[in-house]
Amino acid sequence: MKEYAETRKHMVERQLAARGIRDRRVLRVMEEVPRHLFVDKNSLGGAYDDNPLPIGSGQTISQPYMVAIMTELLELKGHEKVLEIGTGSGYQTAILAGLCHWVFTIERIRSLSQRAEITLSQFGCQNITFVVGDGSAGWPSEAPFDGIIVTAGSPKIPEILLDQLIEGGRLIIPVGDRFAQTLNRATKIEGGITIERHTPCRFVDLLGEHGWSKT
Ligand code: SAM
């Protein structure tokens, strides 16, 4: 874990803390998790740069700042059960696993899910359940969740995901068209939903029954 430790420290100071990420637990975990293990070999040199990177199958590992702000918006304390939709490389999954009780993560592309599971097993994360499938419908059999994080862009907030939140639970999701979205946080309060709009962002498509169609 010492490899790239100095580079990670710089990433946290310059890309995260300097831009307003304040949650100390988020900053600590992002300083610890070896992001270079989650990127393709030919992207190794840029593993801690301020941008997303390709991970194969037309998908990306998200920019570190985006991972940090989405995680911070969940306001995790350590006891939570979190659903992640879009496992991708497994990097965001690793960050969540260091901050909550259990992570359920869904990915629609089998090869990515399998690779993420192998990467995460290398450093002993044991509080994660992986599944391959359409996460736009959530994971009803494991609901309700304290937090749901969608790491792909959606045309709308799927009602079916709101139904899977506990009272006080939070859903973090990029919402917009296929080229530009805004990070939304939906919180369930007394059965109703409060929506806040945060930073502009650009994610790959959430493809599936409650997201974008494949065509
Ligand atoms: N959080 C990831 C990381 O740290 O590497 C980045 C995820 S990438 C931006 C978005 C992922 O969402 C892709 O791997 C994509 O295949 C996946 N995805 C898109 N639609 C999905 C769906 N309906 N269900 C599950 N995964 C989906």
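Visitor: Near what value is the phi of Gly124, the residue that follows helix 5?

Guide: This is a predicted model, in which local features need pLDDT of at least 70, side-chain atom pairs count only at pLDDT 80 or more, and totals for chains, interfaces and linings use all residues. Residues are numbered from 1 along each chain as its sequence is written, and side-chain values use heavy atoms, leaving out hydrogens and water. Helices (H or I, at least four residues) and strands (E, at least two) are DSSP runs numbered from the N terminus. Gly124 comes after helix 5 and has a positive phi, near 70°.

Visitor: How far does helix 5 reach from its first C-alpha to its last?

Guide: Helix 5 spans residues 110-122, which makes 13 residues. The expected span is 1.5 Å times one less than the number of residues, and here that gives 18 Å. Close to this expectation, the model reaches 19 Å.

Visitor: Over what arc around the axis do the buried residues of helix 5 lie?

Guide: Buried (under 20% relative accessible area, with a 1.4 Å probe and protein chains only) describes Leu112, Ser113, Ala116, Thr119 and Leu120 in helix 5. They lie on the same side of helix 5, because the arc, taken from the directions from the helix axis to the C-beta atoms, is only 130°.

Visitor: Which exposed residues does the opposite face of helix 5 carry?

Guide: Exposed means over 50% relative accessible area, and partly exposed lies in between. Turned away from the buried side of helix 5 are the exposed residues Arg110, Ile118, Ser121 and Gln122.

Visitor: Which elements are included in what covers the buried residues of helix 5?

Guide: Contact here means heavy atoms within 4.5 Å. The cover includes one helix, helix 4, together with strand 1 (53-56), strand 2, strand 4 and strand 5 (128-132).
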